[in-house]
Amino acid sequence: MSLLIRNGEIVTSTARFTADVLSENGVITAIGPNLPVPPGVEVIDASGKYVFPGFIDPHVHIYLPFMGTFSKDDWASGSKAALMGGTTTLIEMCCPSRAEDPLEAIRLWKSKAAGLASCDYTFHAGITKFDDSTAEAMKAIVAEEEILSFKVFLAYKGAFGIDDTELYRTLVAVKELGAVLTAHCENAELVAETQKKLVAEGKTGPEWHEPSRPISVEAEGCHHLMTFAGMTGTEVYVVHTSCKPAVEAITEARARGVKAGIETVAPYLTLDSSYAEKPDFEGAKWVMSPPIRAKEHQDFLWQCIADGTVDTVATDHAPFDFIPQKHMGHPEAGKAVDASFQATGKAANFTLIPNGIPSVEERVKLLYTHGVATGRIDLHTFVKVASTRAAEIFGLYPQKGEIAIGSDADLVIWDPAWRGTISAATHSMATDYSAWEGWPVEGRPELVTVRGKVMVRDGIWCGEKGWGNFLPRKSKG
Ligand SMILES: NC(=O)NCCC(=O)O
Ligand SMILES: [Zn+2]
Ligand SMILES: [Zn+2]
């Protein structure tokens with residue numbers, strides 16, 4: 001299977017030039033002008049188009065067991081949606097319950113992707129409890145399962161959340177393994193107490209989700225992690241950073257020598273807190289954690305992308321249907337679905353709305369439309385935050401995130417002249433709504449390859465379920 005992409009404008013995080021790209025047996029074997037056409041090669045004309053390295057989404061959830069339900073996409077629909085949006089590699093958060101062993105969980109989650117994933121993938125291994133067996137399990141996750149990043153939640157008290165002793169021990173173990181610890185940073189106690197207070201005051205609609213986890217609560221979570229990471233010397237990566245004080249807590253720690261990556265996600269760059277305030281429970285569609293913030297934070301995050309403070313733009317794809325899933329927090333419907341609430345005889349409220357927004361398909365188009373096309377960021381920054389930095393931080397570079405001889409032939413031919421509209425009626429994600437319904441987009445991934453195989457052609461799916469490979473990563477330590 002060989003492919004020659006002719007005359008495209010190749011854009012990477014550092015270079016931009018017009019040339020041909022030849023891929024053979026899944027890898028890039030030649031780059032240059034007027035390459036000869038080997039026999040049996042398919043030739044694709046990319047004149048007037050960009051050729052980008054396949055995009056990487058380092059933070060997704062696939063069929064996540066969460067808040068009494070499961071997020072909608074499985075690996076078949078989730079990876080197809082990713083590819084339709086130009087994303088060729090996914091890194092999924094493996095999120096076991098506290099009762100599960102993290103090593104067994106990784107094996108189980110791997111088995112759920114194999115045979116269904118169309119794009120390549122790896123995992124961040126969730127540590128949701130730290131007991132006498134956890135350090136050994138983490139060693140095996142690296143040595144046997146070839147995973148080099150872990151995940152903790154400083155939020156979700158009573159579910160995925162860990163306490164400070166567990167956080168410290170996890171950081172020590174991650175450092176010893178030469179791995180990276182990714183973290184959801186919000187102060188769990190403050191969230192839990194504020195939720196209780198608001199609900200007791202009768203503040204129960206989706207518009208109260210943001211006030212229940214204000215920017216100070218996220219900033220405290222970030223500061224907390226930075227203090228611990230500073231003590232242990234562990235490399236950390238803060239997922240879904242939503243606001244200025246959170247970014248500042250991390251940049252202050254960086255100045256003290258803490259090695260910390262910063263991720264933001266497409267919803268924070270394009271939406272603001274007014275969405276969760278929409279009447280008649282519609283705001284539930286935009287409930288995610290940390291919450292979508294006031295517009296000023298969105299502007300600040302764009303600046304941080306442009307100046308290099310933010311490393312990656314991911315999605316935190318956690319898709320739930322509006323009906324019935326988001327309605328688990330509806331005053332009437334909620335009663336029927338949550339046993340503990342039923343026992344109280346009270347109406348449900350915003351704390352029972354499954355957190356998350358379907359977004360894996362729209363990230364790259366939104367980043368291009370609202371970043372590149374508006375002049376907020378240049379093309380190199382676009383490639384860097386949507387692909388290359390994730391590969392570098394998570395041990396996949398230069399196999400992924402680059403257009404170079406020897407790199408995987410994950411390529412996106414991008415048509416900057418294309419114009420379209422986002423809609424749940426046409427998206428490939430499994431949810432019944434889009435958070436960006438009716439939004440115009442500029443540019444699209446016209447052709448997408450994974451290891452030289454065309455998965456999307458003329459914007460239409462032509463991929464193969466199960467083509468995706470697990471990406472083993474070796475310890476740097
Ligand atoms: N972010 C969110 O709202 N849902 C998914 C779980 C998580 O990443 O915290
Ligand atoms: Zn999270
Ligand atoms: Zn997440």
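I will talk about strand β11, its two neighbouring strands and the residues around ligand 1, in what is a predicted model.

Let me begin with strand β11 itself, which covers residues 149-153: five of its five residues are buried, so the strand is largely enclosed by the rest of the structure. If we then ask which way the residues point, Ser149, Lys151 and Phe153 point one way from β11, while Phe150 and Val152 point the other way, and all of them are buried. As general background, side chains in a regular strand alternate between the two faces of the sheet.

Turning to the pairing, strand β10, at residues 120-126, runs parallel to β11 and is joined to β11 by two bridges, and Gly126 has Lys151 as its bridge partner in β11. To get from β10 to β11 the chain passes through helix α3, residues 134-143, in a β-α-β crossover that is right-handed.

What does β11 pair with over five bridges? That partner is strand β12, residues 180-184, and the pairing is again in the parallel sense. Here Phe153 of β11 has His184 as its bridge partner in β12, and the two strands, together with helix α4 at residues 164-177, make a right-handed β-α-β unit.

His184 also takes us to ligand 1, because a residue counts as near a molecule if its C-beta atom, placed from the backbone, lies within 6 Å of it, and His184 is one of the residues around this ligand. The others listed there are His61, His240, Met288, Ser289, Asp316, Ala318, Asn355 and Gly356. Taken by character, the residues of this shell divide into two nonpolar, six polar and one charged.

Conventions: Residues numbered from 1 in each chain as written. Chains lettered and ligands numbered in written order. Predicted model: local features only at pLDDT ≥ 70, side-chain atom pairs only at ≥ 80, totals over all residues. Buried ≥ 20, exposed ≤ 12 C-beta atoms within 10 Å, placed from the backbone. Helix = DSSP H or I, 4+ residues; strand = E, 2+ residues; numbered from the N terminus. Pairing = 2+ DSSP bridges. Right-handed = clockwise from strand over helix to strand, strands pointing away. Nonpolar A, V, L, I, M, F, W, Y, C, P; charged D, E, K, R; others polar.
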